[in-house]
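This report sets out selected geometric features of the structure shown below. The ligand site is treated before the sheets and two individual loop residues.

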Amino acid sequence: MTAKILQDSPEGLDIAAQLLRDGALVALPTETVYGLGADARNDDAVAGIFAAKARPGFNPLIVHVHDIAAAQRLVAWSPEADRLARLFWPGPLTLVLPLRRDAGVSGLVTAGLPTLAVRMPAHPVARRLLQRAGLPVAAPSANRSGQISPTRVDHVCAGLGDRIAAVVDGGPCGVGLESTILGLDGAPTLLRPGAVTRDQIAAALGQPVLHRRDADTLNAPGQLRSHYAPRARVRLNATDWAQGEARLGFGPVDCDLNLSPSGDLDEAATNLFAHLHRLDAQGAAVIAVSPVPHQGMGIAINDRLSRAAAPREG
Ligand code: TXA
Ligand code: MG
(Lines give C-alpha, C1' and ligand atoms only; values in the text may rest on other atoms or scores of the structure.)
(Ligands and ions follow the chains in the order given, each with its own letter.)
Protein backbone atom coordinates (compact mmCIF):
# COMPACT_ATOMS: atom_id res chain seq x y z
CA MET A 1 0.00 0.00 0.00
CA THR A 2 1.23 3.51 -0.80
CA ALA A 3 -0.57 6.42 0.84
CA LYS A 4 -2.60 8.61 -1.54
CA ILE A 5 -1.76 12.27 -1.05
CA LEU A 6 -5.07 14.13 -0.97
CA GLN A 7 -5.47 17.87 -1.45
CA ASP A 8 -7.50 20.32 0.61
CA SER A 9 -10.24 20.46 -2.03
CA PRO A 10 -13.89 19.35 -1.86
CA GLU A 11 -12.96 16.20 -3.82
CA GLY A 12 -9.89 15.42 -1.70
CA LEU A 13 -11.77 15.92 1.56
CA ASP A 14 -14.72 13.82 0.32
CA ILE A 15 -12.35 10.94 -0.39
CA ALA A 16 -10.68 11.32 3.01
CA ALA A 17 -14.03 11.45 4.83
CA GLN A 18 -15.28 8.35 3.00
CA LEU A 19 -12.05 6.47 3.81
CA LEU A 20 -12.54 7.32 7.51
CA ARG A 21 -16.17 6.14 7.40
CA ASP A 22 -14.95 2.91 5.75
CA GLY A 23 -12.53 2.26 8.63
CA ALA A 24 -9.32 3.18 6.79
CA LEU A 25 -6.34 5.09 8.23
CA VAL A 26 -6.02 8.70 7.05
CA ALA A 27 -3.28 11.08 8.22
CA LEU A 28 -4.47 14.66 8.64
CA PRO A 29 -2.85 18.02 9.39
CA THR A 30 -3.54 19.74 12.69
CA GLU A 31 -2.09 23.03 13.93
CA THR A 32 0.25 21.03 16.25
CA VAL A 33 1.51 18.00 14.29
CA TYR A 34 0.06 15.60 11.71
CA GLY A 35 -2.27 13.00 13.23
CA LEU A 36 -2.93 9.41 12.17
CA GLY A 37 -6.73 9.36 12.09
CA ALA A 38 -9.31 6.59 12.23
CA ASP A 39 -12.99 6.26 13.24
CA ALA A 40 -12.82 6.20 17.07
CA ARG A 41 -15.96 3.99 17.24
CA ASN A 42 -14.53 1.25 14.98
CA ASP A 43 -12.45 -1.41 16.81
CA ASP A 44 -10.73 -2.65 13.65
CA ALA A 45 -9.84 0.86 12.48
CA VAL A 46 -8.41 1.79 15.89
CA ALA A 47 -6.48 -1.48 16.05
CA GLY A 48 -5.01 -0.43 12.69
CA ILE A 49 -3.57 2.74 14.26
CA PHE A 50 -1.74 0.73 16.95
CA ALA A 51 -0.43 -1.71 14.32
CA ALA A 52 0.76 0.98 11.86
CA LYS A 53 2.64 2.89 14.58
CA ALA A 54 3.77 -0.23 16.48
CA ARG A 55 2.31 1.58 19.49
CA PRO A 56 1.95 -0.28 22.80
CA GLY A 57 -1.71 -1.06 23.46
CA PHE A 58 -1.57 0.49 26.96
CA ASN A 59 -0.98 3.98 25.52
CA PRO A 60 -4.40 5.62 24.93
CA LEU A 61 -5.34 7.91 22.02
CA ILE A 62 -6.76 11.43 21.77
CA VAL A 63 -10.17 11.77 20.08
CA HIS A 64 -10.64 14.79 17.80
CA VAL A 65 -14.03 16.46 17.45
CA HIS A 66 -15.48 19.23 15.32
CA ASP A 67 -17.28 21.12 18.09
CA ILE A 68 -18.03 21.24 21.81
CA ALA A 69 -21.35 19.42 21.38
CA ALA A 70 -19.49 16.44 19.90
CA ALA A 71 -17.10 16.41 22.89
CA GLN A 72 -20.05 16.52 25.30
CA ARG A 73 -21.40 13.30 23.72
CA LEU A 74 -18.16 11.50 24.62
CA VAL A 75 -17.16 12.72 28.10
CA ALA A 76 -18.77 13.94 31.33
CA TRP A 77 -18.55 17.70 30.79
CA SER A 78 -17.80 20.04 33.72
CA PRO A 79 -17.76 23.80 34.40
CA GLU A 80 -13.92 23.72 34.24
CA ALA A 81 -13.98 21.93 30.88
CA ASP A 82 -16.52 24.41 29.58
CA ARG A 83 -14.49 27.44 30.65
CA LEU A 84 -11.29 26.11 29.06
CA ALA A 85 -13.01 24.93 25.87
CA ARG A 86 -14.65 28.31 25.38
CA LEU A 87 -11.31 30.08 25.84
CA PHE A 88 -8.90 27.76 24.04
CA TRP A 89 -10.91 25.66 21.53
CA PRO A 90 -10.44 25.20 18.70
CA GLY A 91 -6.75 25.01 19.60
CA PRO A 92 -3.82 23.03 21.00
CA LEU A 93 -5.38 21.93 24.32
CA THR A 94 -6.48 18.34 25.08
CA LEU A 95 -8.82 17.69 28.03
CA VAL A 96 -8.91 14.34 29.86
CA LEU A 97 -12.38 13.80 31.32
CA PRO A 98 -14.48 10.85 32.56
CA LEU A 99 -15.62 8.72 29.63
CA ARG A 100 -19.39 8.59 29.16
CA ARG A 101 -20.85 5.06 29.26
CA ASP A 102 -22.78 5.78 26.09
CA ALA A 103 -19.86 7.39 24.24
CA GLY A 104 -19.63 4.49 21.79
CA VAL A 105 -15.84 4.82 21.57
CA SER A 106 -13.75 1.67 21.03
CA GLY A 107 -12.19 0.39 24.26
CA LEU A 108 -8.86 0.32 22.43
CA VAL A 109 -8.88 4.14 22.26
CA THR A 110 -8.83 4.52 26.06
CA ALA A 111 -6.69 1.41 26.70
CA GLY A 112 -9.44 0.44 29.13
CA LEU A 113 -9.17 3.64 31.23
CA PRO A 114 -12.32 5.28 32.65
CA THR A 115 -11.22 8.60 31.09
CA LEU A 116 -10.99 9.93 27.52
CA ALA A 117 -8.72 12.60 26.03
CA VAL A 118 -10.62 14.97 23.69
CA ARG A 119 -9.52 17.90 21.60
CA MET A 120 -10.94 20.28 18.99
CA PRO A 121 -8.10 21.10 16.58
CA ALA A 122 -7.86 24.57 15.02
CA HIS A 123 -6.32 23.66 11.65
CA PRO A 124 -8.90 24.61 8.99
CA VAL A 125 -8.25 21.39 7.03
CA ALA A 126 -8.76 19.25 10.15
CA ARG A 127 -11.96 21.16 10.89
CA ARG A 128 -13.33 20.71 7.37
CA LEU A 129 -12.48 16.99 7.41
CA LEU A 130 -14.04 16.40 10.85
CA GLN A 131 -17.20 18.15 9.72
CA ARG A 132 -17.42 16.15 6.50
CA ALA A 133 -16.66 12.81 8.14
CA GLY A 134 -19.22 13.45 10.88
CA LEU A 135 -17.53 11.12 13.36
CA PRO A 136 -15.08 11.29 16.26
CA VAL A 137 -11.54 10.73 14.95
CA ALA A 138 -8.95 9.00 17.13
CA ALA A 139 -5.54 10.36 16.14
CA PRO A 140 -2.12 10.00 17.70
CA SER A 141 0.79 11.77 16.07
CA ALA A 142 1.44 10.22 12.63
CA ASN A 143 4.88 8.77 13.36
CA ARG A 144 6.08 5.32 14.32
CA SER A 145 6.00 4.89 18.09
CA GLY A 146 8.94 6.56 19.84
CA GLN A 147 10.09 8.52 16.78
CA ILE A 148 9.95 12.22 15.99
CA SER A 149 6.46 13.65 15.40
CA PRO A 150 5.66 14.79 11.83
CA THR A 151 5.06 18.43 10.99
CA ARG A 152 5.03 18.01 7.18
CA VAL A 153 3.48 15.60 4.70
CA ASP A 154 6.87 14.20 3.70
CA HIS A 155 7.60 13.28 7.35
CA VAL A 156 4.34 11.28 7.41
CA CYS A 157 5.12 9.54 4.12
CA ALA A 158 8.68 8.67 5.21
CA GLY A 159 7.47 7.04 8.43
CA LEU A 160 4.09 5.53 7.56
CA GLY A 161 3.61 5.92 3.78
CA ASP A 162 3.45 2.16 3.20
CA ARG A 163 1.01 1.54 6.07
CA ILE A 164 -1.88 3.98 5.61
CA ALA A 165 -4.53 4.66 2.99
CA ALA A 166 -4.04 8.40 2.56
CA VAL A 167 -2.66 11.64 3.93
CA VAL A 168 -4.34 15.02 3.50
CA ASP A 169 -1.83 17.76 2.65
CA GLY A 170 -2.31 20.81 4.84
CA GLY A 171 1.19 22.25 4.50
CA PRO A 172 3.63 22.59 7.42
CA CYS A 173 2.10 22.65 10.92
CA GLY A 174 2.15 26.09 12.55
CA VAL A 175 2.59 25.27 16.25
CA GLY A 176 4.94 22.35 15.67
CA LEU A 177 4.61 20.66 19.10
CA GLU A 178 1.81 18.38 20.31
CA SER A 179 -1.11 19.81 22.28
CA THR A 180 -1.04 20.60 25.99
CA ILE A 181 -2.78 17.75 27.86
CA LEU A 182 -4.75 18.64 31.01
CA GLY A 183 -6.25 16.02 33.33
CA LEU A 184 -9.66 17.21 34.54
CA ASP A 185 -10.90 13.95 36.06
CA GLY A 186 -9.65 15.19 39.46
CA ALA A 187 -7.72 18.29 40.48
CA PRO A 188 -6.56 20.02 37.27
CA THR A 189 -3.22 18.42 36.37
CA LEU A 190 -0.85 19.18 33.53
CA LEU A 191 0.01 15.84 31.85
CA ARG A 192 1.99 17.24 28.88
CA PRO A 193 3.18 20.84 28.37
CA GLY A 194 2.31 22.55 25.08
CA ALA A 195 1.42 25.88 23.50
CA VAL A 196 -1.37 26.55 26.02
CA THR A 197 0.69 27.02 29.18
CA ARG A 198 0.07 25.93 32.76
CA ASP A 199 -0.04 29.61 33.79
CA GLN A 200 -2.69 30.41 31.18
CA ILE A 201 -4.81 27.48 32.38
CA ALA A 202 -4.41 28.41 36.05
CA ALA A 203 -5.42 31.99 35.27
CA ALA A 204 -8.46 30.83 33.30
CA LEU A 205 -9.61 28.47 36.08
CA GLY A 206 -8.68 30.78 38.94
CA GLN A 207 -6.98 27.86 40.71
CA PRO A 208 -3.55 26.24 40.70
CA VAL A 209 -2.76 23.51 38.17
CA LEU A 210 -0.77 20.53 39.47
CA HIS A 211 2.09 19.18 37.44
CA ARG A 212 2.23 15.50 36.52
CA ARG A 213 5.32 15.04 38.68
CA ASP A 214 3.30 16.09 41.75
CA ALA A 215 0.38 13.90 40.75
CA ASP A 216 -0.31 10.17 40.66
CA THR A 217 1.81 8.86 37.80
CA LEU A 218 -0.93 6.36 36.92
CA ASN A 219 -2.81 9.31 35.47
CA ALA A 220 -0.31 9.53 32.62
CA PRO A 221 -0.04 6.04 31.19
CA GLY A 222 1.52 7.05 27.92
CA GLN A 223 4.26 9.31 29.12
CA LEU A 224 7.19 7.09 28.19
CA ARG A 225 10.43 8.83 29.08
CA SER A 226 12.25 8.12 25.83
CA HIS A 227 10.23 9.58 22.98
CA TYR A 228 10.63 11.82 19.94
CA ALA A 229 13.90 9.97 19.46
CA PRO A 230 16.03 10.63 16.40
CA ARG A 231 18.53 7.93 15.39
CA ALA A 232 21.33 10.18 16.61
CA ARG A 233 22.10 10.64 20.28
CA VAL A 234 21.00 14.07 21.54
CA ARG A 235 23.23 16.29 23.71
CA LEU A 236 21.39 19.12 25.49
CA ASN A 237 22.45 22.61 26.66
CA ALA A 238 25.46 22.66 24.35
CA THR A 239 27.39 25.91 24.74
CA ASP A 240 30.21 24.68 22.52
CA TRP A 241 30.36 22.10 19.74
CA ALA A 242 32.46 18.96 19.46
CA GLN A 243 34.01 17.76 16.19
CA GLY A 244 31.52 15.91 13.98
CA GLU A 245 28.37 16.85 15.91
CA ALA A 246 25.31 18.11 14.08
CA ARG A 247 24.75 21.57 15.60
CA LEU A 248 21.18 22.66 16.36
CA GLY A 249 21.32 26.25 17.52
CA PHE A 250 19.00 28.70 19.26
CA GLY A 251 19.67 32.44 19.18
CA PRO A 252 22.69 34.15 17.62
CA VAL A 253 25.09 31.17 17.43
CA ASP A 254 27.09 29.60 14.62
CA CYS A 255 25.46 26.22 13.85
CA ASP A 256 24.13 23.87 11.12
CA LEU A 257 20.44 24.62 11.64
CA ASN A 258 18.95 27.29 13.90
CA LEU A 259 15.62 26.87 15.74
CA SER A 260 15.30 30.66 15.85
CA PRO A 261 18.22 33.00 15.15
CA SER A 262 16.35 35.82 16.89
CA GLY A 263 15.58 33.68 19.96
CA ASP A 264 11.80 33.49 19.38
CA LEU A 265 10.37 30.49 21.27
CA ASP A 266 7.26 30.09 19.08
CA GLU A 267 9.43 30.01 15.96
CA ALA A 268 11.71 27.47 17.68
CA ALA A 269 8.72 25.21 18.44
CA THR A 270 7.54 25.41 14.85
CA ASN A 271 11.00 24.36 13.61
CA LEU A 272 11.99 21.81 16.26
CA PHE A 273 10.77 18.53 14.77
CA ALA A 274 11.53 19.48 11.14
CA HIS A 275 15.10 20.42 12.09
CA LEU A 276 15.56 17.19 14.06
CA HIS A 277 14.24 15.23 11.06
CA ARG A 278 16.71 17.01 8.75
CA LEU A 279 19.80 16.67 10.95
CA ASP A 280 18.99 13.03 11.64
CA ALA A 281 18.70 12.34 7.91
CA GLN A 282 22.24 13.69 7.48
CA GLY A 283 23.45 10.73 9.57
CA ALA A 284 25.37 12.45 12.41
CA ALA A 285 26.04 10.29 15.49
CA VAL A 286 25.26 13.17 17.85
CA ILE A 287 22.92 16.16 17.58
CA ALA A 288 24.00 18.89 20.01
CA VAL A 289 21.38 21.50 20.95
CA SER A 290 21.82 25.02 22.33
CA PRO A 291 20.15 25.84 25.68
CA VAL A 292 16.51 26.93 25.30
CA PRO A 293 15.06 29.27 27.99
CA HIS A 294 12.64 27.45 30.31
CA GLN A 295 9.66 29.79 30.06
CA GLY A 296 6.40 29.90 28.08
CA MET A 297 6.72 27.72 24.97
CA GLY A 298 10.28 26.90 26.10
CA ILE A 299 8.85 24.55 28.76
CA ALA A 300 7.21 22.40 26.06
CA ILE A 301 10.32 22.56 23.85
CA ASN A 302 12.55 21.42 26.73
CA ASP A 303 10.08 18.62 27.57
CA ARG A 304 10.39 17.23 24.02
CA LEU A 305 14.17 17.74 23.94
CA SER A 306 14.71 15.94 27.24
CA ARG A 307 12.68 12.97 25.97
CA ALA A 308 14.67 12.96 22.74
CA ALA A 309 17.84 12.84 24.86
CA ALA A 310 16.61 10.22 27.38
CA PRO A 311 18.16 6.75 27.49
CA ARG A 312 16.32 4.57 24.95
CA GLU A 313 13.85 2.02 26.24
CA GLY A 314 14.06 -1.22 24.29
O1 TXA B 1 -1.33 17.68 19.28
C2 TXA B 1 -1.68 16.54 19.54
O3 TXA B 1 -2.19 16.23 20.63
C4 TXA B 1 -1.47 15.46 18.46
C5 TXA B 1 -2.38 15.80 17.28
C6 TXA B 1 -2.39 14.74 16.23
O7 TXA B 1 -3.68 16.04 17.75
N8 TXA B 1 -1.75 14.15 18.96
C9 TXA B 1 -0.90 13.51 19.82
O10 TXA B 1 -1.25 12.21 20.13
O11 TXA B 1 0.11 14.02 20.26
P12 TXA B 1 -0.26 11.17 20.81
O13 TXA B 1 -0.96 9.87 20.81
O14 TXA B 1 1.05 11.21 20.15
O15 TXA B 1 -0.18 11.64 22.29
C16 TXA B 1 -1.32 11.48 23.10
C17 TXA B 1 -0.95 11.47 24.55
C18 TXA B 1 -0.25 10.19 24.96
O19 TXA B 1 0.87 10.51 25.76
C20 TXA B 1 -1.31 9.48 25.79
O21 TXA B 1 -0.78 8.69 26.80
C22 TXA B 1 -2.10 10.63 26.35
O23 TXA B 1 -2.16 11.54 25.29
N24 TXA B 1 -3.47 10.23 26.69
C25 TXA B 1 -4.44 9.82 25.86
N26 TXA B 1 -5.55 9.47 26.54
C27 TXA B 1 -5.27 9.67 27.84
C28 TXA B 1 -6.02 9.50 29.05
N29 TXA B 1 -7.25 9.04 29.05
N30 TXA B 1 -5.40 9.82 30.22
C31 TXA B 1 -4.13 10.30 30.23
N32 TXA B 1 -3.38 10.48 29.12
C33 TXA B 1 -3.94 10.16 27.95
MG1 MG C 1 3.02 11.01 19.68
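Threonine 115 places a polar side-chain atom 3.1 Å from a nitrogen atom of ligand 1. This is a polar contact, that is, a pair of N or O atoms within 3.5 Å; within protein, one atom must be able to donate a hydrogen and the other to accept it, and residues adjacent in sequence count only if both atoms are side-chain atoms. Two oxygen-atom contacts of ligand 1 are listed in the table together with that of threonine 115.

| Residue | Ligand 1 atom | Distance to a side-chain N or O atom |
|---|---|---|
| Asparagine 59 | oxygen | 2.7 Å |
| Arginine 192 | oxygen | 3.0 Å |
| Threonine 115 | nitrogen | 3.1 Å |

Of the 680 Å² of accessible area that ligand 1 has on its own, the protein covers 97%. Accessible areas follow the Shrake-Rupley method with a 1.4 Å probe, and for residues only the protein chains shown count as cover.

The model is predicted: local features need pLDDT of at least 70, side-chain atom pairs count only at pLDDT 80 or more, and totals for chains, interfaces and linings use all residues. Residues are numbered from 1 along each chain as its sequence is written, chains are lettered from A and ligands numbered from 1 in the order in which they are written, and side-chain values use heavy atoms, with hydrogens and water left out.

The shell around ligand 1 holds 26 residues, of which Thr32, Arg55, Asn59, His64 and Ser179 are the closest. A residue is near a molecule or strand if one of its heavy atoms lies within 4 Å of it. By class, this shell comprises 12 nonpolar, 10 polar and 4 charged residues. Here Ala, Val, Leu, Ile, Met, Phe, Trp, Tyr, Cys and Pro count as nonpolar, Asp, Glu, Lys and Arg as charged, and the others, Gly among them, as polar. At least two shell residues come from each of strand 4 (62-64), strand 6 (115-119) and strand 10 (189-192). Strand 6 contributes the most, with 3 residues. Strands (E, at least two residues) and helices (H or I, at least four) are DSSP runs, numbered from the N terminus.

These three strands belong to an open sheet of 11 strands with mixed pairing, in the order 1-8-2-3-7-4-6-5-9-10-11. Its edges are strand 1 (4-6) and strand 11, each of which pairs on one side only. Two strands pair if DSSP finds at least two bridges between them. Strand 4 and strand 6 run parallel and are joined by 3 bridges, with isoleucine 62 opposite alanine 117 of strand 6.

A further open sheet has 4 strands in the order 12-15-13-14, with parallel pairing. Strand 12 and strand 14 are its edge strands, each pairing on one side only. Strand 15 is joined to strand 12 (residues 233-235) by 3 bridges and to strand 13 (residues 246-249) by 3 bridges. On the strand 12 side, arginine 233 has valine 286 as its bridge partner, and arginine 235 has alanine 288. On the strand 13 side, alanine 246 is matched with isoleucine 287. Leucine 248 stands opposite valine 289 in strand 15 and also opposite leucine 257 in strand 14. Strand 13 and strand 14 (residues 257-258) are linked by 2 bridges.

How are the side chains of strand 15 directed? Val286 and Ala288 point one way, Ile287 and Val289 the other, and all are buried (under 20% relative accessible area; exposed is over 50% and partly exposed in between, with a 1.4 Å probe and protein chains only). In a regular strand the side chains alternate between the two faces of the sheet.

Two loop residues remain. Glutamate 31 lies in the loop between strand 2 (26-28) and strand 3 (35-39) and counts as buried because its relative accessibility is 10%. A polar atom of its side chain is 3.4 Å from the backbone nitrogen of histidine 123. Leaving aside residues up to four places away in sequence, the contacts of glutamate 31 (heavy atoms within 4.5 Å) include Gly91, Arg119, His123 and Cys173.

Glycine 206 is located in the loop between helix 8 (198-205) and strand 11 (210-211). With a relative accessibility of 67%, glycine 206 counts as exposed. Its C-alpha atom is 37 Å from that of histidine 275, which is 69 residues away along the chain.
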